[in-house]
Each structure stands twice: as structure tokens, then as C-alpha cells.
Amino acid sequence: MAPLPPSVLAALVLAAGPAWTCLLCFTTDTERLQVCGTFAGPEGPRLQECRKALVAAFRGLEEAEINYDERSHLHDIFTEMVHSLQEKAEANVSFEAAFTDAAEKMREAITQLEEAPACVPPCGLQESSRVFRCRGCYSTVCDLPLDCPVQDLTVAQGDQALFSCAVNFQLPEEQITYSWKFAEGGLRTQDQSYFRELRGARGNLARIRPTQPKHLGTFSCEIKHDLRPLARLYFFLNVTRPPSRGEIELQVSLREVLNWTDREVDVAEPWRPSLGELLAQPGALTPTNQFLLALTAAFLSASLTLFGWILFHWYFSTS
């Protein structure tokens, strides 16, 4: 087939415009013009009709959005489609039927591609969710801020503070680095001008042990991929002082009062202790109490003896 004249190539390229959508993104001008040239010849009205039919057939893909990682796969599918159209042109198939069939197959192929993961709020540059838009042939990522909301962490003085620089979206597997910074003086901020580098922190975990009042402030972790920032996380550390000895004693006393009150509420009947329970009480066996117990025992013994003698005398007097 003879090559198309340059004037015809230029006219068709300018006339096609953005309506070519995915076809424009994944095929070259030369490939598209050669397809119509094979169907309709290098010049003439039929060439213009072929160009319009091609635009109309693929207009339905104008708003298609594709997983950015699937671009090379889709490019291969379009290359195969171009070869198939040329074969149909040589087999004298009409370009109207060939283009309609090719567009339908391409639409089905796009639906079979793996979809990009959904954006996960509230923050971060999420490359795994990048999509390619056929309208304009460009890619976009989630419209989310790089800075994540500040997280609050309260730790008692002397305890350990642990920060985890982790996000809830997928990170690239390689070339990930973490850098830690600290804004001291009790500042709760996301302004990077207040932060200084923490040289001792490495990796996605940072630990402060033991925490001191000087650690009150905001800690920041920045995640990068190949030196490109992906997210910045912030942790506001509030350090509380341990309770004093007087406060501890007051809490113990209050707890005892509450426990005593609970026991009083649970009592359904007045307490009637037995003699053994009374004797078990601390300080119960004083000398005076011991004397009274002995006197009581002697009185009971004499009473029993007298009662026995009376009973014995009455029995023999009646026989």
C-alpha cells in the first residue's frame, strides 16, 4: 500500500481531536491513518468517511478510567486490534462493521483489566490508586492532603512512648524510607518549620523511654518513596506526672471508704454475732472479761449441780 500524502496525514490528525479517547492514547497517528488507508484508499471521500466511522465507534471509551499499572497491557491489546483491522480490510470487510466490532471487543477488554484500589482517606499520596484517564491521556491520584491528622498519645512520666509510622494504604515494596522529627515545647503543630530532626530514630517505629516532661510536644514521621514524600504522620505526646505519695494514700483511703459503704449497702439484716465471733475480736479477752467468763462458768456449774440434786431428791421422795 502506498503511503498517505503528508497533507492528508496532517488534516486527519487535526480533525480527529480529543474524541479519539483511548484510541488516541494507545495508537499512533500513523497506525490509525494506515488503517483507514487500507479500508478506503489513500485519498478521496471514502477516507473521510472512514475517519468519521472510527471516531464514532470509539467515542464510547471517551470517559474510560484505567488502572495506571495496566497501561502496557492495554497498549498491547490496541496493537493487536490494529493488526486485526488491517487483516479485515484486506479481506474486504466494511470499515463500519469492522470498527463497531473492534470497539465492542476493546470495551470488553477494558472491563477485564484489574481495577485500581480505591483511595483510602484521610491522607497520603497513594500511587497504588493512580488511574489513567482516556479523556486527555493523563493520570491522576487521590486528591488527599500529604499531612495526616494529629494523633494524641498520653503517657505517664517514666513509662514508654511508642510511635508507629504506618498508613492504611499500600506502599511500594522498595525504596521506602522514614524520617522522624520533633517539635518541642509542648507545641501541637503540623508546621514543618518548628520541627528538628531526631537522629536516633530509624525505620517505621520510634520509642521514647523513659518519657520526661521535655518530651511534651509533636513528633512527626515522613514516609518517602525514592525521595518523593508519600505521607507525613503526626503524634502529640502528652506526658503526665506520677501521683504523689499523699495522693496515693488519699486514693487508698477513698477506696476503703467506698468498699465499706458497699458492704453496708449489701447488709440485709442486723449482725448477730455468736460467742465465738465475739471472743475472736481483737482485745476481747481482757483480764476483766476473763474474770467474768470464769464467774459465769462457775455459776452455770453450780446451777446445774443444784438442779440435779433437786431432781434426784424429788424422784426418791415420790417412790
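## Salt bridges in and around helix H6

Arg107 pairs with Glu104 in a salt bridge, with the closest N and O atoms 2.9 Å apart. The two residues sit 3 residues apart in helix H6, so about one helical turn separates them. Arg107 is partly exposed, at 29% relative accessibility. Glu104 is partly exposed too, at 37%. This is a predicted model.

Helix H6 (residues 95-112) also holds Asp101. Asp101 forms a salt bridge with Lys88, and the closest N and O atoms are 2.8 Å apart. Lys88 lies in helix H5, so the pair ties together parts that are 13 residues apart in sequence. Lys88 has 22% relative accessibility and counts as partly exposed. Asp101 is partly exposed as well, with a relative accessible area of 30%.

## A salt-bridge network

The count for the model comes to 15 salt bridges. Some of the charged residues are linked further: Asp147, Glu222, Lys224 and Arg232 form a network of salt bridges.

Within this network, Lys224 bridges to Glu222. Their closest N and O atoms are 3.6 Å apart. Lys224 is partly exposed, at 24% relative accessibility. Glu222 is at 11%, so Glu222 counts as buried, the cut-off being under 20%.

## Strand E10

Phe236 is placed in strand E10, which covers residues 228-240. Its relative accessible area is 14%, so Phe236 is buried. The C-alpha atom of Phe236 is separated by 6.6 Å from that of Val150. Along the chain, Phe236 and Val150 are 86 residues apart.

## The cavity

How many cavities of 30 Å³ or more are there? The count is 1. The largest cavity has a volume of about 50 Å³.

Its lining consists of Leu23, Thr27, Glu31, Arg32, Val35, Leu54, Met81, Val82 and Leu85. Helix H3 (29-40) and helix H5 (71-90) each supply at least two of the lining residues. By class, the lining has 6 nonpolar, 1 polar and 2 charged residues. Helix H5 thus appears twice in this report: it contributes to the lining, and it carries Lys88 of the bridge to Asp101.

## A nonpolar surface patch

Which residues form a nonpolar patch on the surface? They are Phe307, Leu311, Phe312, Trp314, Tyr315 and Phe316. Together they have about 750 Å² of accessible area. Phe312, one of the patch residues, is located in helix H9, which covers residues 287-317.

Technical notes. Residues numbered from 1 in each chain as written. Predicted model: local features only at pLDDT ≥ 70, side-chain atom pairs only at ≥ 80, totals over all residues. Heavy atoms only, no water. Patch = residues over 30% accessible without salt bridge, like charges linked within 9 Å, V, L, I, M, F, W, Y side chains within 5 Å. Areas by Shrake-Rupley, 256 points an atom, 1.4 Å probe, with all protein chains shown as cover. Salt bridge = Lys/Arg side-chain N within 4 Å of Asp/Glu carboxyl O. Helix = DSSP H or I, 4+ residues; strand = E, 2+ residues; numbered from the N terminus. 1 Å grid on protein atoms, 1.4 Å probe; cavity = no way out; pocket = protein on both sides within 12 Å on 5 of 7 lines; lining within 4 Å. Points joined across faces, edges and corners; volume = space filled by probe spheres on them. Nonpolar A, V, L, I, M, F, W, Y, C, P; charged D, E, K, R; others polar. Buried < 20%, exposed > 50% of the residue type's maximum accessible area, 1.4 Å probe, protein only.
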